[in-house]
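Q: I want to learn how to read sheets and a ligand shell in a model. Can you walk me through them?

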Amino acid sequence: MDEKTKTELLTLFKNKLNRAMRYYLDTCTRCGVCTKACHAYASTGQVRYTSAYRHELVRRLYKKYFKLQGKVWPAAGEAKVLEDMTIKELYDAAYSCTGCRRCMVYCPFGIDTQMIMSIAKLLLVGASTEPELLTMLADMSIEKGKSMDVFKESFLTGIKKLEGQVVEKWRSEAGETVIPIDVDGADLLYVALAGAHSIIPAAAVFNAAGEHWTLSFFEAVNFGAFVGDPTRTTLILDRIISEAKRLKVKEVCICECGTAFRVMKHLTGPQPFKVSSITEVQARYIREGRIRLDKSIVSDTVTYHDPCQIARNGGIIDEARYILHHLTDNYTEMTKEPKYNWCCGGGGGLVAMGEETLDFRMTSSSIKADQVRKTGAKILSTACENCHTQLGDLNDHYKLGVDVKFLSSMVADALVR
Ligand code: SF4
Ligand code: SF4
């Protein structure tokens, strides 16, 4: 690695060293409490997949370049030089961590491995060694934001074609637009994923609840966050913030996408609208009597996988149960305490990287497959696109024999007319 690159990477590293990050990097006592918390270690038994091993890689760089002891006596502080080999180790650590933060809830000091891995990801971006696909997808999202007029017509045509399927789930009222778009002064802006599955059920439920809503032009997923690039993350986020402000909506509702929800909820700063997940919004409709669900639609036993970014890291835990108890009397929990639930193994960009990560995703998540099997449930419900894909892959790989369903689709299918 040449000196210029090294200097640039160390500047990136330095810029991440706020108070919280220094605390995380200075505090680990290597007590090992978090060792078994990581699904990748629990599934494979390989030490390199423990939380402490991952952040030790970053910590050694920190000691070498930002702590006095590492600068004057590197051997004593186990300091490590930033070189090409280190970059490879950082890649392996960062792209085998899903950012689920299960280790964090076990750590007595609350050390946030996901935050520490954000340094690793940023260094990879700085060295142009991050997964190219994620950056390419992030750039496509940014480009879409810049050239709205180019794709607007095709977007509107595509959405129009979905209307019939929305009406099949819920009739539209006279004069009502089935999928409203660009509605100035709407109460709620719904930000979906690219794909009918993310739009049709949600639209049916909004219409059934009599919501004054509008569909965003932009997809919710933030590939900038997956790849750990703060600049791209912000540019992708800003498209939605600008749209919400332009339309003067009161609420931005994020579809079943854990990362999109976490980024919008926690990284937007104070805004003139509130941010909700679709699970929260649908639970609210039931509580307020705006929709009713028919319990006879679901006959098999149902269990629920808490998406890490929505439940453990987003606090949306009870709302999913509230909905599920209105959908069925045949619900079984996967774990006694949802905040300790196992990650599905697909977050942090791993699912988005597709086939490239499939083998690792399957071997590192056998513990999740075992957990699902033990419930005996026939329907495995979840509220995140990544989790849904990963659980579907686990279902095929481990022959779990479950039907993996989006919670919002189950709600739409059970609407009482
Ligand atoms: S539990 Fe916390 S302090 Fe202990 S090894 Fe893990 S990160 Fe370090
Ligand atoms: S954040 Fe999740 S995947 Fe990453 S080290 Fe912690 S438990 Fe493992």
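The dialogue below takes two sheets and then one ligand shell.

A: One caution before we start: this is a predicted model.

Q: What holds the strands of a sheet together?
A: Strands pair through backbone hydrogen bonds, in parallel or antiparallel fashion. Here, strands 5, 6 and 7 form an open sheet in the order 5-6-7, with parallel pairing.

Q: Why is one side of strand 5 and of strand 7 left without a neighbour in the sheet?
A: Strand 5 (302-305) and strand 7 (403-406) are the edge strands; each has a single partner strand, so one side of each stays unpaired in the sheet. From one strand to the next, the twist averages 30°.

Q: How many bridges join strand 5 to strand 6, and which residues face each other?
A: Look for the bridge partners. Strand 5 and strand 6 (residues 379-382) run parallel and are joined by 4 bridges. Val-302 sits opposite Ile-379, and His-305 has Thr-382 as its bridge partner. On to the next pair: 4 bridges also join strand 6 to strand 7, again in parallel. There, Thr-382 stands opposite Phe-406.

Q: How does the chain get from strand 6 to strand 7?
A: Follow the connection. The chain passes through helix 20 on the way, and this β-α-β crossover is right-handed. Helix 20 (residues 385-397) packs on the sheet and touches strands 5, 6 and 7. Its direction makes about 175° with that of strand 7.

Q: Which way do the side chains of strand 6 point, and are they buried or exposed?
A: Ile-379 and Ser-381 point one way, Leu-380 and Thr-382 the other. All of these are buried.

Q: What is the strand order in the sheet of 4 strands?
A: Read across the sheet, not along the chain. The order is 2-1-3-4, in an open sheet with parallel pairing. Strand 2 (213-215) and strand 4 (274-277) are at the edges with a single partner strand each, so each has one side without a neighbour in the sheet. Neighbouring strands are turned by 25° against each other on average, direction ignored. Strand 3 (residues 251-254) pairs with strand 4 over 4 bridges. One of the partner pairs is Ile-254 with Ser-277. Helix 16 (residues 278-287) packs on this sheet, touching strand 3 and strand 4, at about 85° to the direction of strand 4.

Q: Which residues are closest to ligand 2?
A: Start with the shell, then sort it. Ligand 2 is surrounded by 15 residues, the closest being Cys-38, Ser-51, Cys-97, Cys-100 and Cys-103. Helix 4 (51-66), helix 7 (102-106) and helix 8 (113-126) each give two or more residues to this shell. By class, the shell holds 7 nonpolar, 5 polar and 3 charged residues.

Technical notes: Residues numbered from 1 in each chain as written. Chains lettered and ligands numbered in written order. Predicted model: local features only at pLDDT ≥ 70, side-chain atom pairs only at ≥ 80, totals over all residues. Pairing = 2+ DSSP bridges. Axes fitted to C-alpha atoms, helices over the stretch in contact; angles between N-to-C directions. Contact = placed C-beta atoms within 7 Å. Buried ≥ 20, exposed ≤ 12 C-beta atoms within 10 Å, placed from the backbone. Right-handed = clockwise from strand over helix to strand, strands pointing away. Near = placed C-beta within 6 Å. Nonpolar A, V, L, I, M, F, W, Y, C, P; charged D, E, K, R; others polar.
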